[in-house]
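User: Could you take me on a close look at the opening helix of this chain? I would like to know how it sits against the rest of the protein and what surrounds it.

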Amino acid sequence: RLATQIAQVLMGKHKPIFTAFNDCGDYVVVTNARELVFTGKKMQQKGYYRHSQYPGGLTRVPARDMMERAPEQIIIKAVKGM
């Protein structure tokens, strides 16, 4: 739910002058990414993927490791995936 609200603000859908091709110049600062909560078994089962562009270079990082290393990347990947 947080990612959808961030995406709408970044697109400018909350403004009456919204047009799809225009950048409204808004930005969002998330200060408490470490307090992110997953429901169910998502902390163990959910994975984030990246590829090094080399053959066999696909890497899966579990959500619990991503929370320890860079919790802000979880929010960034969720917003970019919308």
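**A close look at helix H1**

Analyst: Happy to. The buried residues of H1 pack against helix H4, which covers residues 71–80. Please keep in mind that this is a predicted model. The protein chain averages a pLDDT of 92, and 100% of the residues score at least 70. Among the elements of the chain, H1 has the lowest mean pLDDT, at 91, while strand E2 (residues 58–62) has the highest, at 96.

Let's begin with the inward side. H1 spans residues 2–11, and within H1 the residues Ala3, Ile6 and Ala7 are buried. Viewed down the helix axis, the buried residues of H1 fall within an arc of 100°, so they line one face of the helix. The general geometry helps here: an α-helix has 3.6 residues a turn, so residues three or four places apart point the same way.

Ala7 is a good residue to zoom in on. Its relative accessible area is 10%, and because buried means under 20%, Ala7 counts as buried. Leaving aside residues up to four places away in sequence, Ala7 touches Val79 and Met82. For a sense of how the chain folds back, compare Ala7 with Ile75: they are 68 residues apart in sequence, yet their C-alpha atoms are 11 Å apart in space.

Now for the outward side. Leu2 also belongs to H1, but at 40% relative accessibility Leu2 counts as partly exposed. Leu2 joins Leu10, Val28 and Val30 in a nonpolar patch on the surface, and together these four have about 270 Å² of accessible area.

What happens where the helix ends? Just after H1, Gly12 takes a positive phi of about 90°. Further along comes a charged pair: the side chains of Lys15 and Asp26 meet in a salt bridge, at 3.1 Å from N to O. Both residues lie in the loop between H1 and helix H2 (42–45), so the pair ties together parts that are eleven residues apart in sequence. The structure holds one salt bridge, so this contact is worth locating on your screen. Each partner is partly exposed, with Asp26 at 22% relative accessibility and Lys15 at 24%.

To put the picture together: one face of H1 carries its buried residues, and these pack against H4. Leu2 and Leu10 take part in a nonpolar surface patch with Val28 and Val30, and the loop that follows H1 holds the Lys15 and Asp26 pair.

Methods. Residues numbered from 1 in each chain as written. Predicted model: local features only at pLDDT ≥ 70, side-chain atom pairs only at ≥ 80, totals over all residues. Heavy atoms only, no water. Patch = residues over 30% accessible without salt bridge, like charges linked within 9 Å, V, L, I, M, F, W, Y side chains within 5 Å. Areas by Shrake-Rupley, 256 points an atom, 1.4 Å probe, with all protein chains shown as cover. Helix = DSSP H or I, 4+ residues; strand = E, 2+ residues; numbered from the N terminus. Buried < 20%, exposed > 50% of the residue type's maximum accessible area, 1.4 Å probe, protein only. Contact = heavy atoms within 4.5 Å. pLDDT = per-residue confidence, 0-100. Arc of directions from axis to C-beta.
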